[in-house]
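Reader: Hello! I am new to this structure and would love a close look at a single part of it. Could you walk me through that part, step by step?

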Amino acid sequence: MTDERGANGELLPDVDRLTRLGRFLRAASLDELPELFNVLKGDMSLVGPRPLLMQYLDRYSPEQMRRHEVKPGITGWAQVNGRNAITWEEKFKLDVWYVDNRSLWLDVKIIFITIWKIIKREGISQPGQATMEEFRGN
């Protein structure tokens with residue numbers, strides 16, 4: 001992404017800042033590969049709720065905050081059930097469901113579904129967005 005800003009000095013929307021290479025990397029999900037280093041370091045898991053921006057922390061409800069009961073992951077239940085094409089509320093519900101139901105079998109299932117979703121290129125972006133709109137809380 002570029003650092004392009006509008007006349008008021010604020011960053012332009014993601015869709016306006018994404019380069020051709022960036023669009024390709026996102027479409028092929030190759031932009032996630034550097035996170036493998038975080039898995040090797042032990043900071044992340046392969047499967048778990050996707051990490052979100054730190055600025056969102058004070059916007060979570062207590063129920064949404066439960067997503068932090070497990071390590072963040074490269075892929076997760078919300079990613080294989082809509083990724084960026086679902087609402088923030090749906091995403092948080094799916095993340096908390098994963099926290100309550102996690103198991104080795106579920107993780108294996110999520111990994112295989114993730115591979116399929118990458119091949120099909122489903123849910124990469126929210127309609128009208130390059131990625132997903134900002135989470136503003138409830």
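Author: **A close look at helix 7 and its surroundings**

Ala-28 is buried, as its relative accessible area is 18% (buried means under 20%, exposed over 50% and partly exposed in between, with a 1.4 Å probe and protein chains only). This is a predicted model, in which local features need pLDDT of at least 70 and side-chain atom pairs count only at pLDDT 80 or more, while totals for chains, interfaces and linings use all residues. Residues are numbered from 1 along each chain as its sequence is written, and side-chain values use heavy atoms, leaving out hydrogens and water.

Ala-28 sits in the loop between helix 2 (20-27) and helix 3 (35-41); helices (H or I, at least four residues) and strands (E, at least two) are DSSP runs numbered from the N terminus. Beyond its neighbours within four places in sequence, Ala-28 touches Ile-118 and Arg-121 (contact means heavy atoms within 4.5 Å). Arg-121 follows helix 7 and has a positive phi, near 60°.

That brings us to helix 7 itself. Its 17 residues (104-120) should span 24 Å at 1.5 Å a residue, and the 25 Å between its end C-alpha atoms agrees; the expected span is 1.5 Å times one less than the number of residues. Leu-106, Asp-107, Ile-110 and Thr-114 of helix 7 are buried. They lie on the same side of helix 7 because they cover an arc of only 95° around the axis, taken from the directions from the helix axis to the C-beta atoms. Their cover includes strand 1 (45-47), strand 2 (73-75), helix 5 (77-80) and helix 6 (88-101). Turned away from that buried side, the other face of helix 7 carries the exposed Leu-104, Trp-105, Phe-112 and Ile-119.
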